[in-house]
Amino acid sequence: MLNEAENSTLMQVGPGTPMGDLLRYYWMPIAAVGELDETPTKSVRLMGEDLVLYRDKSGTYGLLDLHCPHRRADLSYGLVEDCGLRCNYHGWAFDETGQCIDQPFEETAHPEAKYKDRIRTKAYKAEAKAGLIWAYMGPEPAPLLPTWEPFTWENGFVQVVFSEVPCNWLQCQENSIDPVHFEWLHSNWSADMNGTRGQKPIPTHLKVGFDEFEYGFVYRRVMEGGSEDDELWTVGRTCLWPNCLFTGDHFEWRVPIDDENTLSVGWFYNAVPDSQRPFKQESIPYWYSPIKDEKTGRWITSHVMNQDFVAWVGQGQFADRSLEHLGESDRGIIMIRRRLLDDIKVIADGGDPKALVRDPEANDCVELPIIGRKNWTDGGVAGLRLGPGQRVDAQGFVFLYGQPPEVSAAYREAMGLPVT
């Protein structure tokens with residue numbers, strides 16, 4: 001159980017806060033590459049800061065203060081040029097470093113003043129990888145943007161899904177190291193809502209375990225009918241540091257928008273069967289998943305991650321951890337809270353926090369624990385996701401509500417299934 005001061009420390013993510021400073025050491029996914037194909041600028045709010053993301057005509061990404069330092073106009077309405085972004089109000093232009101590179105009238109009126117050389121705006125690094133655009137807001141030298149192993153996989157269909165969740169990031173991330181919730185939230189509750197509870201047995205958890213490794217924590221479990229020889233125990237699932245869940249074929253990042261809101265970013269991979277290989281995906285589709293039923297005002301509960309969202313927002317916008325009563329299944333949560341508090345002290349003393357990638361050779365492919373690795377890399381029947389309710393030809397996309405018809409059609413076509 002955290003005291004009120006510790007709880008507050010872990011939830012506050014704005015600039016200059018201890019947790020905000022820690023999270024700024026890590027690359028955060030903030031948009032899909034495809035979004036800037038359609039419109040080359042986008043306003044984003046990240047860890048309490050209002051910013052504009054853009055891609056100029058040379059292909060360079062930039063992430064600047066949303067407001068022009070001249071008269072505070074909104075740069076998300078700016079003009080992208082061969083180099084940089086130009087304000088639509090008076091034409092001041094900035095490159096990706098935040099340096100002002102042009103002031104049309106000022107340079108006409110007083111060319112000798114070189115006023116533009118003295119003007120900079122806030123700027124952060126932005127890079128594209130795996131269909132996502134990532135931001136780094138921390139100190140230099142920046143770590144490398146990790147090349148997680150699934151990013152290197154070929155012959156697969158990838159999609160990116162976003163949802164905005166109105167609660168603090170930490171209660172979202174704590175879900176990443178909570179194995180027992182699967183038995184109840186995604187199994188018993190789902191069966192109850194579907195009217196099928198009691199029709200077939202739902203395995204119970206017999207044993208759980210938690211271990212720390214280089215890139216995060218692993219949680220393990222033994223289910224009724226299973227044993228410690230199963231990969232659920234020998235390999236486990238990954239709570240990827242500092243704000244992600246990795247299950248083998250997909251990532252779920254919990255990106256703080258500010259103290260009150262979180263951007264859920266899902267990256268999903270499905271290997272295509274042998275009959276469809278070689279397969280090359282020309283572009284990675286993205287979509288935004290709604291989390292509330294417009295008609296009833298209730299949270300959507302039909303899909304796996306939507307059920308998670310219900311549990312997160314149900315704790316309130318800010319979970320009061322001083323009122324908790326933790327049990328044996330919560331040992332992993334205790335471990336990550338302690339590690340976050342420890343890492344805050346590490347960076348305050350000038351050190352590097354956990355899980356930064358700085359070795360270019362190691363970053364060619366950063367391997368992670370993966371249950372059933374061949375399911376995702378070998379294709380054939382193994383490539384058709386044989387998990388519960390997740391067959392390629394079963395009930396469609398089970399993780400998030402609202403998959404657009406065009407994405408569903410592209411997926412089915414990639415898998416060699418009839419497109420209806």
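1. In this note, contact means heavy atoms within 4.5 Å. The structure under discussion is a predicted model, and the points below concern helix 1, its partner helix 9, the residue Arg337, and the pair formed by helix 6 and helix 8.

2. Arg337 deserves attention at the outset. The residue is found in helix 9 and is buried, with a relative accessible area of 3%; the cut-off for buried is under 20%. Leaving aside residues up to four places away in sequence, Arg337 touches Leu2, Leu10, Glu174, Arg321, Glu324 and Leu326. With one of these, Glu174, the side chain of Arg337 forms a polar contact of 2.7 Å.

3. Helix 1 spans residues 4-11, and its buried residues are Asn7, Leu10 and Met11. Viewed down the axis of helix 1, these buried residues fall within an arc of 95°, so they line one face of the helix. As general background, an α-helix has 3.6 residues a turn, so residues three or four places apart point the same way. Among the elements that cover the buried residues of helix 1 are helix 2 (18-23), helix 5 (169-173) and helix 9 (331-348).

4. The N-terminal end of helix 1 is capped by Asn3. A side-chain oxygen of Asn3 lies 3.1 Å from the backbone nitrogen of Ala5.

5. How do helix 1 and helix 9 pack, and at what angle? Their axes are 11 Å apart and the angle is about 75°, which makes helix 1 roughly perpendicular to helix 9. On the side of helix 1 the contact is made by Glu6, Thr9 and Leu10, and on the side of helix 9 by Arg337, Leu340, Leu341 and Ile344. The residues of this contact divide into four nonpolar, one polar and two charged. Arg337, described above as buried, is thus named again here as part of the contact with helix 1.

6. A second helix pair is formed by helix 6 (residues 181-194) and helix 8 (residues 304-313), whose axes come within 11 Å and cross at roughly 105°. Helix 6 and helix 8 are therefore roughly perpendicular to each other. Helix 6 contributes His181, Leu185, His186, Trp189, Ser190 and Met193, which meet Val304, Gln307, Asp308, Val310 and Ala311 of helix 8. Sorted by character, the residues of the contact of helix 6 with helix 8 comprise six nonpolar, four polar and one charged.

Note on methods
Residues are numbered from 1 along each chain as its sequence is written. This is a predicted model: local features need pLDDT of at least 70, side-chain atom pairs count only at pLDDT 80 or more; totals for chains, interfaces and linings use all residues. Side-chain values use heavy atoms; hydrogens and water are left out. Buried means under 20% relative accessible area, exposed over 50%, partly exposed in between (1.4 Å probe, protein chains only). Helices (H or I, at least four residues) and strands (E, at least two) are DSSP runs, numbered from the N terminus. The arc is that of the directions from the helix axis to the C-beta atoms. A polar contact is a pair of N or O atoms within 3.5 Å; within protein, one must be able to donate a hydrogen and the other to accept it, and residues adjacent in sequence count only if both atoms are side-chain atoms. Axes are lines fitted to C-alpha atoms, for helices over the stretch in contact, and angles run from 0 to 180 degrees between N-to-C directions. Angles under 35 degrees count as roughly parallel, over 145 as roughly antiparallel, 65 to 115 as roughly perpendicular and the rest as oblique. Ala, Val, Leu, Ile, Met, Phe, Trp, Tyr, Cys and Pro count as nonpolar, Asp, Glu, Lys and Arg as charged, and the others, Gly among them, as polar.
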